[in-house]
Amino acid sequence: LGLLANDMMPKISEGRGDMLSRATEKALSVLKTNEKGFFLMIEGSQIDKGGEARDIGYTINEMIDFDNAIKVAKDFAELDGNTLIVVTADHETGGLIIHGNSQFYYTATVNGAHTGVPVPVFSYGPGADKFTGYFDNTDFKNKFMGLLF
């Protein structure tokens with residue numbers, strides 16, 4: 001368990017830097033030594049905060065930071081060959097709406113609330129086929145357990 005702040009970490013735009021990618025690298029380097037394998041959950045928790053603040057720049061910066069951490073995990077999985085990566089969200093926040101005003105001009109608004117919009121699931125590696133399509137987020141546990149036993 002890595003708890004890196006007493007409260008909330010600063011925004012990436014306020015000096016947090018690439019902490020999420022570095023923490024991912026560190027966790028993988030420690031956990032890969034376990035002969036029984038491991039389960040690692042990495043959260044881009046401030047993506048939510050950007051949506052709630054109705055701040056699209058904040059949201060985008062946090063998404064890029066999370067994407068960089070996913071790249072670290074995917075690079076590890078490609079070398080390892082026995083690692084499953086599943087990327088999803090617990091819910092959608094922000095309700096980003098793209099408005100097409102003409103053929104070439106678009107605007108975006110953010111509603112700042114949790115929405116009922118389905119969230120995508122992306123997966124890579126052995127067992128990735130179990131994490132496709134639409135399913136309830138409570139099904140993740142059973143899907144993971146099915147791969148373990």
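**Note on helix α3 and its salt bridges**

1. At 3% relative accessibility, D65 counts as buried, and its place is in helix α3. This is a predicted model, and the remarks below should be read with that in mind. Leaving aside residues up to four places away in sequence, D65 touches I12, R16, G17, D18, L20 and S21, and it is also part of a network of salt bridges that links R16, E62 and D65.

2. Within that network, the pair that deserves a careful look is E62 with R16, whose side chains meet in a salt bridge at 2.7 Å, N to O. The pair links distant parts of the chain, since E62 lies in helix α3 whereas R16 lies in the segment before α1, 46 residues apart. Both partners are buried, E62 as well as R16. As a general matter, side chains of opposite charge can pair when their charged atoms come close.

3. How many salt bridges does a search of the whole structure find? The search finds seven, and two others can be set beside the pair described above. R22 forms a salt bridge with D18, with 2.8 Å between the closest N and O atoms; R22 is partly exposed, at a relative accessible area of 46%, and D18 likewise counts as partly exposed, at 42% relative accessibility. D18 is also one of the residues that D65 touches.

4. The other bridge joins E78 to K74, and here the closest N and O atoms are 2.6 Å apart. These two residues both lie in helix α3, four residues apart, which is about one turn of the helix. E78 has a relative accessible area of 43% and is partly exposed, while K74, at 32% relative accessibility, also counts as partly exposed.

5. How does helix α3 lie against helix α1, and what is the angle at which they cross? The axes of α1, residues 19-31, and α3 come within 8 Å and cross at roughly 25°; because angles under 35 degrees count as roughly parallel, α1 and α3 are therefore roughly parallel to each other. The crossing of these two helices is right-handed.

6. The residues that make up this contact can be named on both sides: L20, S21, T24, E25 and L28 in α1 meet D65, F66, N68, A69, V72, A73 and F76 in α3. By class, the contact of α1 with α3 has seven nonpolar, three polar and two charged residues. The buried D65 therefore appears on the α3 side of this contact, and L20 and S21, on the α1 side, are among the residues that D65 touches.

7. L79 is a residue of helix α3 that counts as exposed, at 80% relative accessibility. Its C-alpha atom is separated by 24 Å from that of M145, which is 66 residues apart from L79 along the chain.

8. A last point concerns the backbone at R54, which has a positive phi of about 60° although it is not a glycine. Most residues other than glycine have a negative phi, and a reader may therefore wish to look at this position in the structure. R54 is placed in the loop between α2 (46-52) and α3 (56-80), and it is exposed, with a relative accessible area of 55%.

Conventions: Residues numbered from 1 in each chain as written. Predicted model: local features only at pLDDT ≥ 70, side-chain atom pairs only at ≥ 80, totals over all residues. Heavy atoms only, no water. Buried < 20%, exposed > 50% of the residue type's maximum accessible area, 1.4 Å probe, protein only. Contact = heavy atoms within 4.5 Å. Axes fitted to C-alpha atoms, helices over the stretch in contact; angles between N-to-C directions. Parallel < 35°, antiparallel > 145°, perpendicular 65-115°, else oblique. Left-handed = near helix turned anticlockwise from the far one by under 90°. Nonpolar A, V, L, I, M, F, W, Y, C, P; charged D, E, K, R; others polar. Salt bridge = Lys/Arg side-chain N within 4 Å of Asp/Glu carboxyl O.
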